[in-house]
Amino acid sequence: MTDPTETVNDVIRVVDLAGVLGNATLGGIAARSAKLDLVGFVCLAILSGLGGGMIRDTLLQRGTPVALTDPYYLILAVTGAAIAFVVHIRGRWTHRVLTLIDALAVGCWAAVGAQKALEADLGWLPAVMLGVITAVGGGMVRDVFLLRVPSIFGGNTLYATSAVLASVVMVIFSELGLPAIGSAAALLSGAGLSLLARRYRWILPTEVRIRRPSG
Amino acid sequence: MTDPTETVNDVIRVVDLAGVLGNATLGGIAARSAKLDLVGFVCLAILSGLGGGMIRDTLLQRGTPVALTDPYYLILAVTGAAIAFVVHIRGRWTHRVLTLIDALAVGCWAAVGAQKALEADLGWLPAVMLGVITAVGGGMVRDVFLLRVPSIFGGNTLYATSAVLASVVMVIFSELGLPAIGSAAALLSGAGLSLLARRYRWILPTEVRIRRPSG
Amino acid sequence: MTDPTETVNDVIRVVDLAGVLGNATLGGIAARSAKLDLVGFVCLAILSGLGGGMIRDTLLQRGTPVALTDPYYLILAVTGAAIAFVVHIRGRWTHRVLTLIDALAVGCWAAVGAQKALEADLGWLPAVMLGVITAVGGGMVRDVFLLRVPSIFGGNTLYATSAVLASVVMVIFSELGLPAIGSAAALLSGAGLSLLARRYRWILPTEVRIRRPSG
């Protein structure tokens, strides 16, 4: 008989590691577009794959970031850089797989980040914030290093919004005492919204039109 | 009878929170100028209102940043983002109020940051540095995220200089054993210099003209 | 009779401090090119001279960064800013001296960073990463603040590669129980490769040409 909590944890672990590899590869692809050398590939792969978790753990201050203590993370990030450096990735199916991994990673990382914040006795709002940072922080910093306004700030398809949704779902289930169900629900809802938004080009409005008389 | 130290602490607390709300609103206004969506508003509001304190606490390593543990901070930062998103702020008086709050926040945050550094047994120079980072660090990072060279680096009206003054004042009074008077004096001197410099367009020189024979 | 380990440690200390002063001066020179004011000079000097170590210590989470607790560091960084502000540095020999100090600093900082990571019980890969961050992290952040893609990401002459070499050398000797020899070897190999690469314009390739059939 399988313990369902353990199964969820195993799934989260696999998605987490696949997310690191996938996002590191995406970081390497960004490095190729910017015509960087191998150092640039590795730096952007590490930022993309591990940056969000490093920012989260640095803010939480509960010890050295897991990105540095868990040996799999850095190895997978460097592997992603190497793949993107050696293989010129441009196939349609490869991109579909990377998009799927990325969407799953958004949900997974948001769930892990929010849960970690709750375990550190933070409130629900900081927990949502750290969930979102875990999910999108690495890409945000990668964008800045490439001199782009972070894409999550506007114009993209509900990417950070999916992370907000997954974090909120995680916080609610966690407060109800159901962290394992919460992880699964956060993963699925985050990934689902991310994929649907990309498919149907849902974006957030950039402003609402209420004008105040100027004083 | 009122305890003057407590009064000063109450004032500092009120100015601190008003500064978070005011600077978060300014961050939201910057997000509107850059045509960002709601995620961008919230990110820039958090960076502007809480970024300096988060950098300070992350460097000090005395536990999770107060921006995450004190529930008022994040709520006020998100409120500032919401205000800037819903209301198109452009009235003259609104800007005057925001400028005043911002000036008071520079003095207040510098005082708080310097004092925290001294309490962590750092020397006067790191204390001044952390006071300045608390006061101007958030805006500096916000500028970088919007692809601008931080305005405090040059061309502005003694903004960081006001933070330096307030931090130095705080350190001096603190070393004299008068932290409450120091807080009040730092707040007033920082805000005063900031407002005077803005009024009379005082800026720092960008270079001095001493030439060395080339070797 | 002199203890060789102590001699190595003394050399490392001297090179470390010279590196802070030299890189802070280089940061100030960058501030002058960007026509920044004194605040910009000091900020870029601190980032260039101390940024890498601050990122390393913030990630390691073993207490407040030494950049803030060791009084010499900040004083030397501010001194470098002041030198660059007052003196218009452009002599050929001055640049040669700064280049030499910078090359030595790359080797020295990589050795110190890698060693600190090993002492914090991290594995060899995170140790290499933190060695590299110590050596090149400050310049990387300085570039971003000046709105440049970090030069270490591509087109430069094996700068980060020299840091990788020095970190790897340090890790190998440290694992062999020879940290003092490792420090000396890392310093010399890092500085040597950096100077040779600059002299003969060695750079890394930006891509390899293996194409995959698109799927």
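Me: In this predicted model, what rotation and what shift along its axis superpose chain B on chain A?

Reply: Chain B is superposed on chain A by a rotation of 120° with 0.0 Å of shift along the axis, and the RMSD is 0.0 Å. That is the relation of a three-fold axis. For chain C, a turn of 120° and a shift of 0.0 Å along the axis likewise lay the chain on chain A, with an RMSD of 0.0 Å.

Me: What makes you say that the copies meet through different surfaces?

Reply: The interface residues of chain B are shared with those of chain A to the extent of only 14%, so the copies meet through different surfaces. The corresponding value for chain C and chain A is only 15%, and therefore the conclusion for that pair is that the copies meet through different surfaces.

Me: How many residues of chain A and chain B are in contact, and what area is buried between the two chains?

Reply: With contact taken as heavy atoms within 4.5 Å, 36 residues of chain B touch 33 residues of chain A. The area buried between these chains is about 2,900 Å², and carbon and sulfur atoms give 68% of that area. On the side of chain B, B:Asp37, B:Leu68 and B:Phe145 supply 23% of the area that chain B buries against chain A, which is more than any other three residues.

Me: Why is helix 1 of chain A called oblique to helix 2 of chain A?

Reply: The axes of helix 1 (residues 4–33) and helix 2 (residues 38–60) of chain A come within 7 Å and cross at roughly 140°. An angle counts as roughly antiparallel over 145 degrees and as roughly perpendicular from 65 to 115, and the crossing angle therefore makes helix 1 of chain A oblique to helix 2 of chain A. The contact between helix 1 and helix 2 of chain A has 8 nonpolar, 6 polar and 1 charged residues. Helix 1 of chain A passes helix 2 of chain A in a right-handed crossing.

Me: How do you know that helix 1 and helix 8 of chain A are oblique to each other?

Reply: Helix 1 and helix 8 (residues 179–200) of chain A pack at an angle of about 40°, with their axes 9 Å apart. Only angles under 35 degrees count as roughly parallel, and roughly perpendicular begins at 65; helix 1 and helix 8 of chain A are therefore oblique to each other. Their crossing is left-handed. In this contact A:Thr5, A:Val8, A:Val11, A:Ile12 and A:Val15 of helix 1 meet A:Ala180, A:Ser183, A:Ala184 and A:Leu187 of helix 8, and by class there are 7 nonpolar, 2 polar and no charged residues.

Me: Why is the pair of helix 1 and helix 4 of chain A called oblique?

Reply: Helix 1 and helix 4 (residues 71–86) of chain A pack at about 40°, with axes 7 Å apart. As roughly parallel requires an angle under 35 degrees, helix 1 and helix 4 of chain A are therefore oblique to each other. The crossing of helix 1 and helix 4 of chain A is right-handed. Among the residues that make this contact are A:Arg13, A:Asp16 and A:Arg32 of helix 1 and A:Tyr72, A:Tyr73 and A:Phe85 of helix 4. By class, the contact has 14 nonpolar, 4 polar and 3 charged residues.

Conventions. Residues numbered from 1 in each chain as written. Chains lettered and ligands numbered in written order. Predicted model: local features only at pLDDT ≥ 70, side-chain atom pairs only at ≥ 80, totals over all residues. Heavy atoms only, no water. Axes fitted to C-alpha atoms, helices over the stretch in contact; angles between N-to-C directions. Helix = DSSP H or I, 4+ residues; strand = E, 2+ residues; numbered from the N terminus. Left-handed = near helix turned anticlockwise from the far one by under 90°. Nonpolar A, V, L, I, M, F, W, Y, C, P; charged D, E, K, R; others polar. Least-squares fit on C-alpha atoms with pLDDT ≥ 70 in both. Buried area = accessible area lost by both parts, 1.4 Å probe.
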